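Grab a pencil and open the structure viewer. These exercises go through charged pairs, empty spaces and a surface patch, each with a worked solution.

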Amino acid sequence: MPFLLRVERLTLARGGRTLVADLSFELKSGEALVVTGPNGAGKSTLLRALAGLLTPVSGAIAMTGDGVNADDPAAIHAHYVGHSDAMKSALTARENLAFWGAALGARSVRHTAPAPDDVLRRVGLPQVADLPTGWLSAGQKRRVALGRLFVAPRPLWILDEPATALDRAAQDRLAAEMALHREAGGLIVAATHAPLGLEDAHELRLGDPQ
Amino acid sequence: MTAALSALFWRELKLANRIGGGAAMGVVFFLILVTIVPFSIGPDLNLLSRIGPAILWIAALLATLLGLDRLFQSDQEDGSLDALRMSETPLELIVAVKCAAHWCATCLPLIAAAPLFGVMLAMDGTALAGVTATLAAGTPALTFLGAIGAALTASLRRGGLLMAILILPLAIPVLIFGVSASAAASGGTVPFLTPFLVLLALSLASIALAPFAAAAALRAMSD
């Protein structure tokens, strides 16, 4: 059964200001949604709400599909890569990814999840496996952080400016990985100012701040 | 879920060891606190051995607070907390495991060092055993209560002092029963078990309740 993310009449506020009012949309397997808008329009707020990190004022976010229980919060089937990389600078890249694989991987998919070393090869950084992530450059850190998407496979990717600090080649690789994820039935919601190379994605433009 | 929790436990221990010297740092701080007391009150052995348990307890309390403010703050800053909250494991269990790891990394070395440092305060064998037993029974309460303060101040830049102010009043009952049980161990009118059992009860209650309070605070903070 393909996945379906349904957002109904979602209202979000930050500091008493309503940023998103009565937003409804549906996203099916293989689809991508690009959230655009000026700074302060509520892009990150919307993404954090989808990731279950922010309680909406009203409305519902639900996910259905293969292996998704009816009462599961959408967040446990989603990955959120935000502005910070969620990497411990004292741990090596391999240790960081191994930890996230164990912490975020679902029981049903753990045996199919790739090993941290394979993931590092996939993001083009096999040589840094044994380096503490504190030593890596911003772009390398971001690539290790994106590796989290692979060590614990989850259908919904919530990406907040994922291409920040990535070089041209890594951006192309990210675009290719996102295409692969959609082909495999995954969903992507991304907030961005720069084009991410997502083909025929839906666009959601959040209005100017009131 | 158990795999996720054990991965978290080992990650915390690894981090404690790699950042800031881990166990050694807390023990050295403990040692310094215990050492400066005889300097400030003078080398009266009778007085020192009488107030020894209290000194060890206060020193252990302060050494426990050391580093506790970073319990959630570092995860909050680097985004790990967001990702942890998206795991299938309830946040309450994540908090409990982080506290358990913090206790193992900072309090266990203190408990092991307490009998050695007690000798410096002219305490006798039974008093040393009493203090060690009460520290082992009481420090979980300090760690878990401290986790509430750490969660409340996780998103504040300089939350360490505020956390201490929030937590120290809550630690008073633990201190009272901890010190009175250690005093009872080396003679006195109260039997050892009476305050010791209350101390155990305080620890068990904090272990059971504090993760819920801390998890609620973390959720509220991020909204």
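**Exercise 1.** Find the partner of B:Arg18 in a salt bridge and work out what the pair joins.

*Solution.* Start with the side chains in this predicted model: B:Arg18 meets A:Glu95, at 2.8 Å from N to O. Next, place both ends. B:Arg18 sits in helix H1 of chain B and A:Glu95 in helix H2 of chain A, so the pair joins two chains. Now check the cover. B:Arg18 has 40% relative accessibility, so it counts as partly exposed. A:Glu95 comes in at 19%, which makes it buried, since the cut-off for buried is under 20%.

**Exercise 2.** Take the salt bridge between A:Arg48 and B:Asp82 and decide whether each end is buried or exposed.

*Solution.* First, the distance: the closest N and O atoms are 2.9 Å apart. This pair crosses between chains, running from helix H1 (residues 43–50) of chain A to helix H5 (residues 80–85) of chain B. Then the accessibility: A:Arg48 is at 15%, so it counts as buried. B:Asp82 has a relative accessible area of 15% and is buried too.

**Exercise 3.** Work out how far apart in sequence the parts tied together by A:Arg142 and A:Asp85 are.

*Solution.* Begin with the contact, a salt bridge with the closest N and O atoms 3.1 Å apart. A:Arg142 belongs to helix H5 (residues 138–151) of chain A, while A:Asp85 is in the loop between strand S5 (78–81) and helix H2 (93–104) of that chain, so the bridge ties together parts 57 residues apart in sequence. On accessibility, A:Arg142 is buried at 4%, and A:Asp85 is buried at 15%.

To finish with charges, step back to the whole structure: a search finds 21 salt bridges over all chains. There is also a network of them linking A:Lys88, B:Arg11, B:Glu12, B:Asp75, B:Asp78 and B:Lys98.

**Exercise 4.** Describe the largest pocket and say which element gives the most to its lining.

*Solution.* Its space is about 880 Å³. Of the 34 lining residues, the closest to the centre are B:Leu15, B:Ala16, B:Ile19, B:Arg70 and B:Ser74. Helices H1 (2–18), H2 (23–41), H4 (70–77) and H6 (91–120) of chain B are the elements giving two or more residues. H6(B) gives the most, with six. Sorted by class, you get 13 nonpolar, eleven polar and ten charged residues.

**Exercise 5.** Set out the linings of the largest and the second largest cavity by class.

*Solution.* The search turns up three cavities of 30 Å³ or more. The largest has a volume of about 110 Å³. Its lining has six nonpolar, no polar and four charged residues, and H6(A) gives the most, with four residues. Among those lining it are A:Arg122, A:Phe150 and A:Glu177.

The second largest cavity holds about 40 Å³. Its lining has seven nonpolar, two polar and no charged residues. Residues of both chains take part, including A:Phe99, A:Ala103, B:Leu5 and B:Ile94. H1(B) supplies the largest share, three residues.

**Exercise 6.** Locate B:Met221 and name the surface patch members it sits with.

*Solution.* B:Met221 is in helix H9 (residues 193–222) of chain B. With 32% relative accessibility, B:Met221 counts as partly exposed. The other members of this nonpolar patch are B:Leu152, B:Leu156, B:Leu162 and B:Leu166, and the patch has about 370 Å² of accessible area together.

Notes. Residues are numbered from 1 along each chain as its sequence is written. Chains are lettered from A and ligands numbered from 1 in the order in which they are written. This is a predicted model: local features need pLDDT of at least 70, side-chain atom pairs count only at pLDDT 80 or more; totals for chains, interfaces and linings use all residues. Side-chain values use heavy atoms; hydrogens and water are left out. On a 1 Å grid over the protein atoms alone, a cavity is a set of points where a 1.4 Å probe fits but cannot get out, and a pocket is an open set with protein on both sides within 12 Å along at least five of seven lines; lining residues have an atom within 4 Å of a point. Grid points are joined across faces, edges and corners, and a volume is the space filled by probe spheres set on the points. Ala, Val, Leu, Ile, Met, Phe, Trp, Tyr, Cys and Pro count as nonpolar, Asp, Glu, Lys and Arg as charged, and the others, Gly among them, as polar. Patches are made of residues with over 30% relative accessible area and no salt bridge: like charges are joined within 9 Å, nonpolar side chains (Val, Leu, Ile, Met, Phe, Trp, Tyr) within 5 Å. Accessible areas come from the Shrake-Rupley method with a 1.4 Å probe; for residues, only the protein chains shown count as cover. A salt bridge is a side-chain nitrogen of Lys or Arg within 4 Å of a carboxyl oxygen of Asp or Glu. Buried means under 20% relative accessible area, exposed over 50%, partly exposed in between (1.4 Å probe, protein chains only).
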